[in-house]
Structures are given as C-alpha cells and as structure tokens.
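Colleague: Could you take me closely through one part of this model, the nonpolar core and the residues that bear on it? I would like a connected account rather than a list.

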Amino acid sequence: MYITTNPGKSVLYIGVTNNIADRMAQHYANRGSTQTFAGRYFCYNLVHVEVYSDITAAITREKELKGWTRAKKDTLIANDNPHWLFLQT
C-alpha cells in the first residue's frame, strides 16, 4: 500500500501494488494524463509505503485510508516521513 503526492504536496493518491518501482514509473509516465486521477493531478512522488504479505490486508488498509480525512492522512505520513521527502530513487 502506498501514498503518492504531487510536487506541491496538495493532492494525495492511495494505491496498492506488488511492485512499487514499476508502479512509480507508471505514475511518472502518466503525469498530466487526464485519463487517471494520479496523472491528472501529477501524483508521482512517493511519500508513504506500508508492506503487507497478504494482498487482502493491503486492499483493506487502502480502503481504510481512503475513508480518512486529509488531516489524518497527513499525520500518518508525517509520523514516518516528517519532512515529506520523496522516497523513490
């Protein structure tokens, strides 16, 4: 489960993948595309990752976070990544 943001850190995207490097490359390649939410809002900067061995648990967590307020999501990110550094290499 992962969270990306745009360069201005004003929009968050929450998703699930089994290959974070490939998924981040897809987000970057789709930047500016109006066909996807992440593309439309340039959400290609990784700011939070949670690793799960069970896909069902990851999807459950993704759905949980999508129901949270922005403030609660911001707190989650800041707890592990206080400066909101972009984590992809």
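Modeller: What follows is a look at the core, and then at the surface and backbone features that can be set beside it.

The model is a predicted one, and its largest nonpolar core is made up of ten residues, namely M1, I3, L12, I14, V47, L65, W68, L76, I77 and W84. Within this core, β2 and α4 each supply at least two residues. Apart from it lies another core, of seven residues, which includes Y2, Y13, A38 and L46.

A useful place to stand is I77, which, once its neighbours within four places in sequence are left aside, is in contact with I3, L12, V47, H48, P82 and W84. Of these partners, W84 deserves a further word: it is found in the segment that comes after α4 (70–80), and it counts as buried because its relative accessibility is 12%, under the 20% cut-off. The backbone of W84 also has a positive phi, near 50°, although the residue is not glycine. Most residues other than glycine have a negative phi. K9, too, has a positive phi without being a glycine, at about 60°, but this residue sits in the loop between β1 (2–5) and β2 (12–15) and is partly exposed, with a relative accessible area of 31%.

On the surface, I20, V49, V51, L85 and L87 form a nonpolar patch whose accessible area together is about 450 Å². Its member V51 belongs to the loop between β3 (45–49) and α3 (55–66), and V51 is exposed, with a relative accessible area of 76%.

Terms used:
Residues are numbered from 1 along each chain as its sequence is written. This is a predicted model: local features need pLDDT of at least 70, side-chain atom pairs count only at pLDDT 80 or more; totals for chains, interfaces and linings use all residues. Side-chain values use heavy atoms; hydrogens and water are left out. Patches are made of residues with over 30% relative accessible area and no salt bridge: like charges are joined within 9 Å, nonpolar side chains (Val, Leu, Ile, Met, Phe, Trp, Tyr) within 5 Å. Accessible areas come from the Shrake-Rupley method with a 1.4 Å probe; for residues, only the protein chains shown count as cover. A salt bridge is a side-chain nitrogen of Lys or Arg within 4 Å of a carboxyl oxygen of Asp or Glu. Helices (H or I, at least four residues) and strands (E, at least two) are DSSP runs, numbered from the N terminus. Buried means under 20% relative accessible area, exposed over 50%, partly exposed in between (1.4 Å probe, protein chains only). A nonpolar core is a set of buried Ala, Val, Leu, Ile, Met, Phe, Trp, Tyr and Cys residues joined through side-chain atoms within 4.5 Å. Contact means heavy atoms within 4.5 Å.
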